[in-house]
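Student: Could you go through this one with me? I'd like to start from a single side chain and work outwards.
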Amino acid sequence: MIDWMGGLASAAPSTPFYYYHIPVITGVPATISVKKFLEEGGPLIPTLHGVKYTSTNLAEMADVASVGHGKYDVMAGLGEQMLAALAMGAESAVSAPFNVPFAMGYYHRIQEQFAKGDMKEALKLQKKINQFSYVLQWGGYGHPISTMRAIIRHEKGLEFGSPRLPLKAMSAESAKKLCDELKGLGFLA
């Protein structure tokens with residue numbers, strides 16, 4: 001993996017390189033240690049800047065965050081776990097729902113409240129935005145990419161066209177039902 005990632009990083013030698021750890025999609029086995037990758041790969045990949053850690057294994061993420069005493073940026077990749085990830089050592093977070101303007105505000109406020117030490121407010125915000133994540137992923141509206149496009153179209157009037165195949169665009173009827181549900185939860189006006 002170090003050789004493979006080193007080759008990728010060398011293609012853009014002046015650009016910070018992040019390893020995107022998302023084992024549920026890549027199939028990279030759990031036996032590959034991200035911590036070991038940073039420890040051994042860091043000296044060999046000069047532009048290695050950090051990891052986008054998209055896994056539910058927060059204990060491993062804490063180990064990853066400890067490598068080099070904060071030398072590497074560890075970004076949480078699951079918005080639903082943002083607060084827990086920050087508590088376990090992540091510096092920041094990047095997740096697909098951040099593309100939805102109203103959702104981005106929640107995530108920013110979670111990070112702000114965490115930095116202030118107001119865990120009660122941060123947890124309140126995390127629980128609220130997790131309602132959105134649930135609708136996005138399990139609400140029965142289709143793939144989250146198509147769902148987010150419909151929300152952004154409603155919220156900002158932006159049109160992105162059809163998603164890449166094999167994904168399908170939401171029907172106008174489904175998009176209305178989705179937006180109505182999000183209005184009922186207090187996310188949309």
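Student: Which side chain does Asp73 join in a polar contact?
Tutor: Bearing in mind that this is a predicted model, the side chain of Asp73 makes a polar contact with that of Tyr18, at a distance of 2.9 Å.

Student: And is Asp73 buried or exposed?
Tutor: Asp73 is buried, and it has no salt bridge.

Student: Why no salt bridge, then?
Tutor: A salt bridge requires a side-chain nitrogen of Lys or Arg within 4 Å of a carboxyl oxygen, whereas the nearest side chain of opposite charge to Asp73 is that of Lys52, which is 12 Å away.

Student: What else is Asp73 in contact with?
Tutor: If we leave aside its neighbours within four places in sequence, Asp73 is in contact with His49, Gly50, Val51, Glu91 and Ser92, as well as with Tyr18, which we have already met.

Student: Where does Asp73 sit in the fold?
Tutor: Asp73 belongs to strand β3, which covers residues 73–76. Asp73 and Met75 point one way from that strand, while Val74 and Ala76 point the other way, and all of these residues are buried.

Student: What pairs with β3?
Tutor: Strand β2, residues 48–53, pairs with β3 in the parallel sense over four bridges, and within this pairing Val51 stands opposite Val74. Strand β4, residues 92–93, also runs parallel to β3 and is joined to it by two bridges, with Ala76 of β3 opposite Ala93 of β4.

Student: Which helices link those strands, and what's the handedness?
Tutor: Helix α4, residues 58–66, forms a right-handed β-α-β unit with β2 and β3, and helix α5, residues 82–87, forms a right-handed β-α-β unit with β3 and β4.

Student: Switching to backbone geometry, what's the phi of His69?
Tutor: Phi of His69 is near 50°, which is a positive value in a residue other than glycine. His69 is placed in the loop between α4 and β3.

Student: Is His69 buried or exposed?
Tutor: His69 is exposed, with a relative accessible area of 81%.

Student: One last thing, which residues does the cis peptide bond join?
Tutor: The cis peptide bond joins Leu165 and Pro166, with omega at about 10°. Pro166 is found in the loop between α8, residues 144–156, and α9, residues 172–184.

Conventions
Residues numbered from 1 in each chain as written. Predicted model: local features only at pLDDT ≥ 70, side-chain atom pairs only at ≥ 80, totals over all residues. Heavy atoms only, no water. Buried < 20%, exposed > 50% of the residue type's maximum accessible area, 1.4 Å probe, protein only. Lys, Arg positive; Asp, Glu negative; His and termini not counted. Polar contact = N/O pair within 3.5 Å; in protein donor to acceptor, adjacent residues only side chain to side chain. Contact = heavy atoms within 4.5 Å. Pairing = 2+ DSSP bridges. Right-handed = clockwise from strand over helix to strand, strands pointing away.
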